[in-house]
Amino acid sequence: MAEFTLSGTTLRQRTAEAADDERLRRSLAKAVGRFADGRAAVMGVLEDADGLRAAARRIRYDVLADLPTVLERFATNAIAAGVHVHWAVDAADANAYVVGVARRIGARTVVKGKSMATEETGLNHALEDAGCHVVETDLGEWIIQLADQTPSHIIAPAVHLDRFQIRDILQPVAGPDRPLGTEPEELAGFARGDRRAEFLRADLGVSGCNFAVAETGSIVLAENEGNGRLSTTAPRVHVAVMWMESIVATWDQLDLMINLLARSGTGQHLSTYTNILTGPRRADEGDGPDELHVVILDNGRSDVLGSEFHEALDCIRCGACLNVCPVYRQVGGHAYGWVYSGPIGAVLTPLLAADHPEAAELANASTLCGACMDACPVSIPLQDMLLGLRRRKAADAGAAERAGWKAWAAAWSRPLTYRATMKAMAVGRPFTGVAHLAPGLKRWGDGREPLKPAARSFTDRWKAGEV
Amino acid sequence: MRVGLFVTCVADLFAPDVAEATVRVLRAAGHEVVVPPGQTCCGQPAWNSGFAAEAAQVARTTLAALAAADVDVIVAPAGSCTTMVRVFWPELFEVAGDHAAVTQATALAERFYELTELLDRFGLPPLLPVGAGREPVAYHHSCHMLRELRLEHEPERAVDAAGCERVAWSADRRCCGFGGLFSFKLPETSESMADDKLATLTESGCTEVVGADPSCLLHLRARARHEGVALRTRHVAEVLAERLVPGDGHHG
């Protein structure tokens, strides 16, 4: 599993630290604002955006309802096209397979296209432990690799950094003889030159996979930098790691999904590059790897499939929910503590990292404002799922919290005791039923004008005939 | 019509003026207002915390009180509580396994309105004519009202009719950061969200926020006071009540 910063810290600690970082908040507001505006613009020009979202939701439903069959069909067709398919039960299994390939071919340099699946498995460290030099070729991924950080956004890994911070991270690579400016064009130009040399030395290319297409055994990668295409074609061997849910049955389905992915994620009509790979290089082809491997990653997903939370697997990783989330806007991705952030991260992490007790509290990283559901291209009911996860978490709640809610329910389910607690609160005596909330109430008042109940409630006034 | 008022616990205890203004506005619009006895809270705090059985226990009390009332419709001066009743009660009782309550709640939802929704559908009260100078206000679209009830233009029309000029506010649809117990559990993030609202409000040049949810207004005001930001908040019921034609509608 990737660096699990959830361990040893609480959601409260991580979000408090992030919310206190003004520079971070500035970077976030700018980036998510740009993404969200872009999305609104390119969705807005569609004649029936909501109709397309409904169609996309239907496609995801159909595919997931039949996922084992669709995956089998993909594997059969991919193998027929010359692909090596590996079914990885968990992260360790996936990493071991990729490391095994690297060892067999004697790979020294591994180039990687952006892949959240390999972030999930922590593949870089596994390859490095095996003696490989791992080179991230996506600009954002490279920046965070140099800074020894994890992605803070599903599609924009370095979105938490501003250009000054990025210059400082890249400068040591450039060396003292080449002082870098802070213009994005210059920084990107430097990165392009530096990265290009690595592609030519690489023995192994690793990528993610936005969608697999079952009917032809193809994998599809959407990207904007061209590094993904180089990573998958220049090295002799290419391994793609795909989440097992990232699949469609047919090209017709892909048509809509790839379109909505670009519109919802980056606000583009289509990504700059849409790479479609069907099997390794054929005898009459000039480009492409001699070997193509596809690792289908389960890592807890089979447990989610068919559960009340199965819709979490509908996600196509566009990041639209992050860009509209008012919580993400303030705290960024790292505060979520694992590879997936924002509303979908708050849902996926408790599901996929269920054996980490700290993961469950992520369900609280939301005000349930619902902006995510309106932005989601496949209409995942994120708010309902967060509520479901909170119910699951409440079942494991401590005795004090459970007793508190029981006392609250007993008091507020009877008008007389409800009125009595109201009166007590009005004179500054919170009743014991909410005692477990008392520290929170005190903290509320530290950052706000303290809550002050009215001297006389509306009901008092009404009963006295004053209204 | 005979209108039953669901006061809501927040308005009852923290914003009784809002409930009072609601009564005045409804009467001026020609309705008879009753406050069904026996109501308490909608149960949202427990529901949002994952304690469905406890939420159902409280909600059942209010459901019984509202369902028994001899009224044509029920109204709440809060989008969030209206959402709880209309959208989440059937689900809540389903989760709690109380099928009779599911049926009752589903039927109640049919005649349960958020205040501006009711006024928009059945008519605003007579209001003072709008003069040349409209009052600039920033309208806060509260989350559940906007995204669950899809009530967007209804409150805007009420605010416009009351002589306000709604200024452009880049964060008008963004959550205020309250989120009920969210503000207890992640208070720093909650404050940061409120500050984001207040900072963008300052950019708009407006110092008054109008909304249809007492809890959002309470939160924004409490944060603004703490931070020394000049801010006035008014519930849309109060905005309307101030513009009622004097001497009209006190026949309740």
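In chain A, helix α12 is followed by G267(A), whose phi is positive, near 75 degrees. The model is predicted, and the values reported here are computed from it. Helix α12(A) covers residues 251-265. At 1.5 Å a residue, its 15 residues should span 21 Å, and the end C-alpha atoms are 21 Å apart, so the expected and modelled spans agree. The helix is mostly covered, with 11 of its 15 residues buried. Among the buried residues are Q253(A) and L254(A), and the run from M257(A) through I258(A), N259(A), L260(A), L261(A), A262(A), R263(A) and S264(A) to G265(A) is also buried.

The contact between chain A and chain B takes 51 residues from chain A and 47 residues from chain B. On the side of chain A that touches chain B, two or more residues are given by each of α1 (11-19), α15 (326-331), α17 (371-375), α18 (382-394), α19, α20 (415-426), α21 (438-447) and α22 (458-463). By class, the residues on this side of chain A divide into 28 nonpolar, 10 polar and 13 charged.

One helix pair across the two chains consists of α19 of chain A (residues 399-412) and α4 of chain B (residues 52-68). Their axes are 8 Å apart and meet at an angle of about 10 degrees. Because angles under 35 degrees count as roughly parallel, α19(A) is roughly parallel to α4(B). Helix α19(A) contributes W405(A), K406(A), W408(A), A409(A) and W412(A) to the contact, while α4(B) contributes E54(B), Q57(B) and V58(B). The contact of α19(A) with α4(B) comprises five nonpolar, one polar and two charged residues.

Chain B contains an open sheet of four strands in the order β6-β5-β7-β8, with parallel pairing. Strands β6 (164-166) and β8 (232-235) of chain B stand at the edges; each has a single partner strand, so one side of each is left without a neighbour in the sheet. From one strand to the next, the twist averages 40 degrees. Within the sheet, β5 (residues 135-140) and β7 (residues 208-211) of chain B pair in the parallel sense over three bridges. The bridge partner of H140(B) in β7(B) is G211(B). Helix α9 of chain B (residues 153-161) lies across β5, β6 and β7 of chain B, and runs at about 135 degrees to β6(B).

Terms used
Residues are numbered from 1 along each chain as its sequence is written. Chains are lettered from A and ligands numbered from 1 in the order in which they are written. This is a predicted model: local features need pLDDT of at least 70, side-chain atom pairs count only at pLDDT 80 or more; totals for chains, interfaces and linings use all residues. Axes are lines fitted to C-alpha atoms, for helices over the stretch in contact, and angles run from 0 to 180 degrees between N-to-C directions. Angles under 35 degrees count as roughly parallel, over 145 as roughly antiparallel, 65 to 115 as roughly perpendicular and the rest as oblique. Two residues are in contact if their C-beta atoms, placed from the backbone, lie within 7 Å. Ala, Val, Leu, Ile, Met, Phe, Trp, Tyr, Cys and Pro count as nonpolar, Asp, Glu, Lys and Arg as charged, and the others, Gly among them, as polar. The expected span of a helix is 1.5 Å times one less than its number of residues. A residue is buried if 20 or more other C-beta atoms lie within 10 Å of its own, exposed if 12 or fewer, and partly exposed in between; C-beta atoms are placed from the backbone. Two strands pair if DSSP finds at least two bridges between them.
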